[in-house]
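Trainee: I have a model open and want to learn how to read it. Where do we start?

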Amino acid sequence: MENGMKLLEVQQITKTFPLPAGGQQTVLKHVSLTVKAGEVVALLGRSGSGKSTLLRILAGLIRPSEGIVRRNGKELRGPNPDVAMVFQSFALLPWLTVQENAELGLIARGVDRDEAEKQAVHALGMVGLEGFAGAYPKELSGGMRQRVGFARAFVMKPNVLMMDEPFSALDVLTAENLRGEIGYLWEKGSFPAKSIVLVTHNIEEAVLLADRIMILGANPGVIRGELAVEIPRPRDKNAASFKALVDHVYDVMTNPDAVVGEASPTAKEPRFTVLPHARAGGISGLLEILDERGGKEDLPALAEDLRLEVDDLMPAIDAAGLLGFARVEHGDVMLTDIGREFANAEVHRSHHIFKDQLLESVPLATTVLAMLKSKRDGQISREFILDILDEHFTDAEALRQFETLVDWARYARLINYDAAHERLYLVEDED
Ligand SMILES: Nc1ncnc2c1ncn2[C@@H]1O[C@H](COP(=O)(O)OP(=O)(O)OP(=O)(O)O)[C@@H](O)[C@H]1O
């Protein structure tokens with residue numbers, strides 16, 4: 001098979017799921033994507049952008065609500081036999097040995113036992129597990145279990161290897177090593193698949209491994225654009241070209257209005273419609289750290305120093321952006337003037353600043369405050385707010401939005417919440 005041949009294609013697919021309370025949630029909308037032989041495609045997006053759903057559609061495990069999936073040019077109507085999967089959760093069978101887990105797919109395909117054993121031994125060798133064939137998964141570390149996950153997929157010699165967040169359940173160092181080894185196998189041309197589709201929320205991982213990065217946006221999941229990674233392999237994370245691309249992707253991911261692939265996305269105010277799930281105390285903590293570091297910091301460096309993934313920091317960074325305390329530009333997060341003032345203010349003043357920013361930036365907070373003020377007893381029920389939120393969000397998301405709003409409004413000394421009676425109260429003396 002020649003490189004460049006179309007192996008898999010989805011055209012204008014939409015996927016909706018029914019909501020428990022009735023109605024539909026559109027998870028993917030009008031998504032088109034082609035996977036060709038010889039390439040690594042990364043699907044990069046935040047949690048909930050429909051990456052795993054898209055992967056399952058490509059694997060033929062679920063059908064799209066609209067649109068078409070093609071395998072080698074023909075419509076796919078069931079599980080895709082050209083695909084093998086590596087899961088975040090390893091998904092090994094605990095009662096089988098490493099060798100038996102690795103052979104499983106071949107046996108199911110009807111390959112005879114001797115041949116299956118030979119192939120599995122070879123695949124285990126590729127992932128550095130010689131000598132562990134007789135071990136059981138529970139005797140292995142997380143990194144080794146995922147090596148078995150890779151071996152089990154490798155024996156199938158699939159046209160397309162699909163990896164769904166394959167390194168994200170591993171500790172940072174183990175993930176780094178395994179990522180490097182998989183990258184090396186691909187580079188040296190002995191990879192047991194013709195192409196890779198990688199689902200990830202890790203920007204550096206996408207830039208390290210992919211030839212093309214598809215950036216997904218959420219609510220509903222759409223492909224915002226595509227970036228070609230033209231950095232020669234082996235890729236050096238410290239090279240200027242690598243860092244510049246990582247920074248550009250951060251820019252795009254933190255700015256919903258940015259144009260993918262444009263050198264310097266226009267610095268429009270971000271259009272946030274959803275409250276990021278960050279606690280006020282966490283936002284405040286982040287701003288203090290930033291202030292201590294001079295008010296500006298490279299996002300990946302900040303995450304590394306805090307022993308976190310950038311993704312862990314994103315809700316607090318998004319929230320700080322929404323509230324006007326910080327900005328993200330070219331992969332750096334920096335304090336605004338009001339953010340700096342907030343970080344240095346004494347307690348009473350900091351709550352006051354938070355209140356002003358909340359009322360200025362979050363229309364829902366202003367609406368709830370106006371409702372409370374309009375009531376003679378200054379109270380409203382949780383259900384009332386949830387009913388409003390339910391119009392715009394799923395039940396679970398409505399609850400999270402409510403919890404975030406209450407947390408922020410309490411921190412702003414604007415509203416009190418009595419969880420036992422599920423009622424919101426106006427704080428009498430707002431100052
Ligand atoms: N079988 C299902 N039934 C109902 N809703 C679903 C189903 N599968 C996924 N969803 C919803 O679709 C949305 C996207 O989920 P998906 O797992 O595809 O996103 P993702 O980008 O892979 O996120 P994550 O990184 O958190 O896994 C979520 O809101 C999820 O709740």
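**Reading a predicted model**

Trainee: Leaving aside neighbours within four places in sequence, which residues is E66 in contact with?

Mentor: E66 touches I13 and T14. Bear in mind that this is a predicted model. E66 itself is found in strand β4, residues 66–71. L28 is 38 residues away from E66 in sequence, yet their C-alpha atoms are 9.9 Å apart in space.

Trainee: Why does E66 count as partly exposed?

Mentor: Count C-beta neighbours. Buried needs 20 or more within 10 Å, and exposed means 12 or fewer. E66 has 13 inside 10 Å, so it counts as partly exposed.

Trainee: How do I read the sheet?

Mentor: Start with the pairing. Strands of a sheet pair through backbone hydrogen bonds, either parallel or antiparallel. Here an open sheet of 4 strands runs in the order β2-β1-β4-β5, with antiparallel pairing. At its edges are β2 (24–36) and β5 (74–75), each paired on one side only.

Trainee: How many bridges join β1 and β2?

Mentor: Strand β1, residues 6–18, pairs with β2 over 9 bridges, in the antiparallel sense. Check the register with residue pairs. T16 has T26 of β2 as its bridge partner, and E9 stands opposite T34 in β2. The hairpin of β1 and β2 has 5 residues between the strands. Within that hairpin, G22 takes a positive phi near 100 degrees.

Trainee: Now the ligand. Which residues surround the ligand?

Mentor: The shell is F17, V27, G45, S47, G48, S49, G50, K51, S52, T53 and H201. Sort it by class: 2 nonpolar, 8 polar and 1 charged. Then sort it by element. Helix α1, residues 51–58, gives the largest share, 3 residues.

Trainee: Is α1 mostly covered or mostly open?

Mentor: Mostly covered, with 6 of its 8 residues buried. The buried ones are K51, T53, L54, L55, I57 and L58. Just after α1, G60 takes a positive phi of about 75 degrees.

Trainee: How do I test whether a helix is regular in length?

Mentor: Compare its span with the expected rise. Why does α12 agree? At 1.5 Å a residue, its 15 residues (347–361) should span 21 Å, and the end C-alpha atoms are 21 Å apart. Helix α7, residues 240–254, also has 15 residues. From first C-alpha to last, α7 reaches 21 Å, close to the 21 Å expected.

Trainee: What do the buried residues of α12 pack against?

Mentor: Against α8 (280–292), α11 (337–344), α13 (363–374) and α15 (395–411). In α12, the buried residues are F354, K355, Q357 and L358. In α7, the buried residues include L245, V246, H248 and V249. Those of α7 pack against helices and strands, among them α6 (203–209), β9 (212–217) and α10 (310–322).

Trainee: What about unusual backbone geometry?

Mentor: Look at omega, then phi. A cis peptide bond joins N219 and P220, with omega about -5 degrees. P220 lies in the loop between β9 and β10. The bond from R233 to P234 is cis too, with omega near -5 degrees. P234 sits in the loop between β10 and α7.

Trainee: And positive phi in residues other than glycine?

Mentor: Take E165, with phi about 50 degrees. E165 is in the loop between β7 (160–164) and α5 (172–187). E165 has 19 C-beta neighbours inside 10 Å, so it counts as partly exposed. Take E422 next, with phi near 55 degrees. E422 is in the loop between β15 (415–418) and β16 (423–426). Because E422 has 12 C-beta neighbours inside 10 Å, it counts as exposed.

Trainee: Where does pLDDT stay under 50?

Mentor: Over residues 263–272, for which the model has 14 contacts beyond four places in sequence. Where pLDDT is low, the predicted coordinates should not be read in detail. The protein averages a pLDDT of 89, and 96% of the residues score at least 70. The model scores ipTM 0.96 and pTM 0.68.

Trainee: Last, the whole chain. How many helices and strands are there in the protein?

Mentor: The protein has 15 helices and 16 strands. Of its 431 residues, 38% count as buried. Take the contacts between residues at least 6 apart in sequence: 66% of them join residues at least 24 apart.

Terms used
Residues numbered from 1 in each chain as written. Predicted model: local features only at pLDDT ≥ 70, side-chain atom pairs only at ≥ 80, totals over all residues. Near = placed C-beta within 6 Å. Helix = DSSP H or I, 4+ residues; strand = E, 2+ residues; numbered from the N terminus. Nonpolar A, V, L, I, M, F, W, Y, C, P; charged D, E, K, R; others polar. Expected span 1.5 Å × (residues − 1). Contact = placed C-beta atoms within 7 Å. pLDDT = per-residue confidence, 0-100. Pairing = 2+ DSSP bridges.
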